[in-house]
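Trainee: I should like to go through the terms used for this model and ask what each one rests on.
Mentor: Please do; the structure comes before the discussion.

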Amino acid sequence: MNFLAAKSIAKNYGERLLFEDLTFGISKGEKVALIADNGTGKSTLLKMLIGQDEPDNGEITRMSGLRIGYLAQDPDFDPKLTIQDLITSTHSHVLSIISRYHEALTEHSKDASAKNATEFAEANTAMDHVNAWDYERQLKIILTKFNFTDLKRKIESFSGGEQKRLALALVLLDNPDLLVLDEPTNHLDIDMIEWLESYLSPSTTTLLTVSHDRYFLDNVCNHIWEMSDGKIFHHKGNYGYYLEKKAERIEIENVDLSKSKRLFKKELEWMRRSPQARTTKAKSRINEFYDIEERAHSGKVKTELSLDVKMERLGGKILELHNIYKGYDEKKLISDFSYTFKRKDRVGIVGINGIGKSTLLKIIADEEKIDRGKIRRGQTLKIGYYKQSGIILKEQQRVIDVLKEIAEVIVLSDGRKLTASQMLTHFMFTADMQFTHVSKLSGGERRRLYLLTVLMDNPNFLILDEPTNDLDLGTLNKLEEFLITYQGCVVMVSHDRYFMDNLVDHLFVFQGDGKVKGFNGTYSEYRLQNHQESSKTEKVKSDQAKDYEEVKAQKRIDQKKERDLMNLEKEIDKLERKKESIEEKLAAPDLDLSKITELSEQVGNVLTEIENKTEQWMELGES
């Protein structure tokens, strides 16, 4: 049974058709990834599915009582609220269920009437449905994982990235029936992403996500929707399987297109001979011609992104960092760090958020001054800096004019020249989009335009701060192709592990307290080594803990033995006194026969107890 289904839905954005005749459904337990280029309506489709927007045509149905958790690409919180305020308001449903359960439990404990028993059973069922039993523990785990410890902190002090992380934490805590996540890995560091994977992969939560993180898609999703040319193609399997099937589909489409074009050329020659459409056969052939013409022109040629730009040759000296220090107030970010860049260096920078990665990029770009140390720059060094914050674009400026302000023409490595318009076309901006105002561009299209303005300036040293955020997978693949053949140096900060693995062969690892460690290898190789070292450390700690626990256990045994021996000695001493008391009574001269018999039996029982306790004492002392 589908949690949610769409039938023949269509949506226009102004005069621009985003999609039409889309039909699909999401079943319980499915983990679906929606893949499409920027500007094709991915976020719009998500909003329609959760009820924040309506289709122009078609219908969307949702299962009765379906609880949907939605993570927007850009969350919008009241800046005056605190984290605690948001938890209380956002999770009012869960908190009310917990409150109802405690009330029902109290009433049932006071009076186990049929009415109270029914209320208590219903409260238990509600707790099960939203998994509220574990709410407080999950609250602590998730908020701590996303670095939120002060629940009184106000949203107005949060960065955009922190707000995105908080929104993700809140939607996970809500434990909905269906999770709809728009770019959940944006603004998460790699440890957080890997934790999110481990959280979502084994869960039974139904998921629909838009993400450019290919490892995330591969590890979490089991169903891929590819939205292309206003249609959806379904692929049951993870991202790797989808790539295989997409390649097969494109190959078949290209073969069919090639056949249709050859047949169209042949039939066009026949049509040009102006046949008299008098016979039924001729009329039929004419009708078939128009069908063939439609098929021959149905295949859209995908614009290839060619960015082999000419750059100034790097000299012998590129960039040298000698014993540099940087900090703010009492916080050390970089301490005694040195590195000499070589030609074609591919360096990735990793570490948790706020540890100093972007600060190092700013130092390299000469936008931040160091506290101590020396930096030597080569005379031919020309830096292109792609910032996480982006650039401010004039909203009413046309896309092509943005590029023309930088250069009318760009020179490629083979000497050919491209105009600004041709360069935009290479970067997948159609002719119509080039004359569109910047205000009409999606967030991803703006990032793509910004990236183009950096690359077309012919830098020989590229600094990329989170270049994968908000870029679609098609653009990422093309950017990777360019960077692989790029002849200059590249330094990047990215949480996209796939992107890093493809491009980076050396890492700067920020470890905290100003320590920056070098590592030769890819990110996955670093993580593997780090995991192995952590496993060894954990094993040593585990062995030490085991030894410590064994000592503690033996100590507890010894202490218990001492207590048991002391208790036995006390009991034996007490029994001896009891025996003496009974014997004194037996010594009385005026006892009758029945009393003597009773006291004699008591003495016998006490002696038996003394003997048993003494035997236990001896056995315990020998153990």
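**Strand β7 and the two sheets**

Mentor: T206, L208 and V210 point one way from β7, L207 and T209 point the other way, and all are buried. The model is predicted: local features need pLDDT of at least 70, side-chain atom pairs count only at pLDDT 80 or more, and totals for chains, interfaces and linings use all residues. Residues are numbered from 1 along each chain as its sequence is written, and side-chain values use heavy atoms, with hydrogens and water left out.

Trainee: Why is strand β7 called mostly covered?
Mentor: Buried means under 20% relative accessible area, exposed means over 50%, and partly exposed lies in between (1.4 Å probe, protein chains only). Five of the five residues of β7 (206-210) are buried, so the strand is mostly covered.

Trainee: What makes 206-210 a strand?
Mentor: Strands are DSSP runs of E with at least two residues, helices are runs of H or I with at least four, and both are numbered from the N terminus.

Trainee: How do you know that β6 and β7 pair?
Mentor: Two strands pair if DSSP finds at least two bridges between them. Five bridges join β6 (residues 178-182) to β7, so the criterion is met, and the two run parallel. L178 stands opposite T206 in β7.

Trainee: Why is the crossover from β6 to β7 called β-α-β?
Mentor: The chain passes from β6 through helix α7 (residues 190-200) to β7, and the crossover is right-handed. Right-handed means that, with the strands pointing away from the viewer, the path from the first strand over the helix to the second runs clockwise.

Trainee: What joins β7 to β3?
Mentor: Three bridges join β3 (residues 31-35) to β7, and these strands run parallel. K31 stands opposite L207 in β7.

Trainee: What makes β5 and β9 edge strands in the sheet β5-β6-β7-β3-β8-β9?
Mentor: This open sheet of six strands has mixed pairing. β5 (68-71) and β9 (231-236) each have a single partner strand, so one side of each is left without a neighbour in the sheet.

Trainee: How do you know that helix α6 packs on this sheet?
Mentor: Contact means heavy atoms within 4.5 Å. Helix α6 (residues 160-173) touches β5 and β6, and its direction makes about 170° with that of β5. Axes are lines fitted to C-alpha atoms, for helices over the stretch in contact, and angles run from 0 to 180 degrees between N-to-C directions.
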